[in-house]
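Thanks for making the time this morning. I would like to take you through two helix pairs, and I will start once the structure is on the screen.

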Amino acid sequence: MPIDPSVFTPQELVVLLVAVGGVVPVVVYRRKVSTWVLLPYAFLFLGAVLTNAEHILWHEQLNYVEHSVGNMGAGLAMLVAAYLGRRRLGAPDDENPGVE
Amino acid sequence: MWHHALIPFYDLVGALGFLVAAWYGLANYRNSDVERPFWFVFTLTSVNGALWLGLVSAEWFGFRSVLLDQFSTSLQAVVIGLYALGVVGAHVIVGELGRSQFEVEKRAALVSVLSRVLRHNIRNDITLIRGYVATDGGDDVVERTIDDLLATSEKAMKLERTIDSNHDLRPIEVEAGVRSAVDEARSTNPDASIEIRIDGDGAVPVAPSVQTAFTELVENAVVHGDESPHVVVTVSTTADAVTLSVRDDGPGMPEHEQRLLSVGEETPLLHSDGIGLWMAQWIVYTTGGRIDARVTDAGTTLTVVLPRDGADGRRRREVPDGSVGARGGRYHAIFERGIDACIVITDDGLILDANERAGELLGAASVDLLGRPIEAVLPEDVDVAEIRAELREGEVARGKATLSEGETASFSAVPDVVRGEHVLVLSDD
């Protein structure tokens with residue numbers, strides 16, 4: 001089934017482009033960056049992809065996943081990363097992320 | 001469907017997550033040092049993220065408009081871009097900085113240990129060897145070599161004290177520093193003729209460590225000069241710089257030493273024959289100056305150019321008022337310049353160190369006391385066995401001694417000033 005380009009909004013396409021471009025430094029430096037710093041970006045990337053993909057197929061389902069996993073997941077992952085960093089700066093812990 | 005009603009809830013939770021992350025990020029920013037850039041970008045991203053998801057969830061609660069929708073989508077792009085480049089980038093950079101800092105601290109600790117081993121452990125052992133050699137009527141070559149080793153150890157100690165104290169001591173006037181350096185060179189080389197020429201303001205301040213560099217350069221010129229060396233020391237000052245030149249009439253600085261000055265660092269194949277020239281170069285370099293050598297048929301001229309304070313645009317450290325110097329410098333000065341004789345002995349009663357006054361009171365050069373048993377140098381009426389017994393018990397020993405010319409002296413011996421080393425202080429009555 002051909003895709004109608006008019007379903008995509010310019011802003012959402014820019015979001016997708018930024019997310020795809022942003023994957024490059026994340027992948028290049030993935031070994032130098034702790035998991036808890038990479039995880040929020042994974043959720044943000046997912047949300048960016050789904051916000052465009054939902055215009056092509058499974059609109060309701062992908063929209064649901066975009067908000068429940070992508071958006072909420074990004075916020076919670078950022079919270080956890082910041083909390084663990086706070087704990088490390090206050091009291092060192094081997095499991096804490098942030099800058100090692 | 002019921003679960004779609006939860007969508008604004010998910011966005012709201014996400015927004016709250018970003019908000020709390022921003023709050024923690026701000027706290028982490030305040031509590032960190034090297035990681036500050038990371039937490040700054042992290043907090044900025046979190047604030048934008050909270051705003052983005054807050055607007056998205058608001059749309060679900062009826063606050064809809066095209067403008068709002070476009071703005072929230074734009075914010076999403078900002079958050080993603082900021083995170084990919086800012087947060088990840090700052091994390092990598094700060095991680096590298098942290099690792100570099102760790103490496104610097106590790107090397108500093110290693111240098112500290114090696115320095116201690118050089119100036120303490122090795123020096124002590126060399127001193128004891130010297131004592132045995134001198135007592136057994138040893139070879140002159142061996143004694144000279146040992147004295148050279150001790151001198152090298154002394155220079156290493158001096159370098160460490162210079163490094164430790166440079167930022168604590170007040171600047172000195174360049175003319176005063178040069179004259180002190182020349183006096184020191186004259187005291188160890190009385191046959192040398194050293195001329196001082198001052199062109200300009202001799203009161204220009206320089207770092208106190210520069211005097212150590214001057215001393216090394218003047219001594220180097222005297223040692224490598226002719227049989228009766230003639231050295232000319234010239235100091236000239238301009239608005240931007242202080243220039244010191246030391247000219248000797250010797251056969252000329254070896255080429256490898258000249259290359260060392262231009263290269264600036266020692267390598268396994270290119271290293272100075274002694275520590276003095278390297279020390280002078282290191283001091284000049286770390287005070288922002290440079291040192292050059294010019295060799296002609298008439299001799300060698302070493303020229304040191306030091307930028308005056310602020311002339312090179314760099315900020316100078318503040319010098320605190322009234323501070324005397326680092327711990328090592330102060331106590332060393334007390335030991336060397338005290339009016340009482342100070343002798344450091346081991347548990348076995350062997351002399352590790354003795355100041356000049358000790359040599360004067362006991363009728364020998366202080367260097368000739370090193371390594372010898374204390375009972376061999378103290379007057380006969382001193383009960384050394386009793387002193388050593390009291391030191392072993394951890395007690396201070398006191399008493400009187402009759403010196404060679406019938407004068408009396410009081411002594412006290414303090415146990416374990418450093419573990420295994422005791423100090424005997426003699427003062428004439």
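**Two helix pairs**

H5(B) and H6(B) are oblique to each other, because an angle counts as oblique when it is not under 35 degrees (roughly parallel), over 145 (roughly antiparallel) or 65 to 115 (roughly perpendicular). This is a predicted model, in which local features need pLDDT of at least 70, side-chain atom pairs count only at pLDDT 80 or more, and totals for chains, interfaces and linings use all residues. Residues are numbered from 1 along each chain as its sequence is written, chains are lettered from A and ligands numbered from 1 in the order in which they are written, and side-chain values use heavy atoms, with hydrogens and water left out.

Staying with chain B, the axes of helix H5 (residues 174–188) and helix H6 (residues 209–223) come within 8 Å and cross at roughly 40°. Where they meet, with contact meaning heavy atoms within 4.5 Å, H5(B) contributes residues including Val178(B), Ala181(B) and Ala185(B), while Phe214(B) and Val218(B) are among those from H6(B). By class, that contact has seven nonpolar, five polar and two charged residues.

Now to the pair that spans two chains. The axes of helix H3 (residues 59–90) of chain A and helix H2 (residues 36–60) of chain B come within 11 Å and cross at roughly 150°, and H3(A) and H2(B) are therefore roughly antiparallel to each other. Among the residues making this contact are His67(A), Met78(A) and Leu89(A) of H3(A), together with Trp39(B), Phe42(B) and Trp60(B) of H2(B); by class, the contact has ten nonpolar, six polar and one charged residues.

Terms used:
Axes are lines fitted to C-alpha atoms, for helices over the stretch in contact, and angles run from 0 to 180 degrees between N-to-C directions. Helices (H or I, at least four residues) and strands (E, at least two) are DSSP runs, numbered from the N terminus. Ala, Val, Leu, Ile, Met, Phe, Trp, Tyr, Cys and Pro count as nonpolar, Asp, Glu, Lys and Arg as charged, and the others, Gly among them, as polar.
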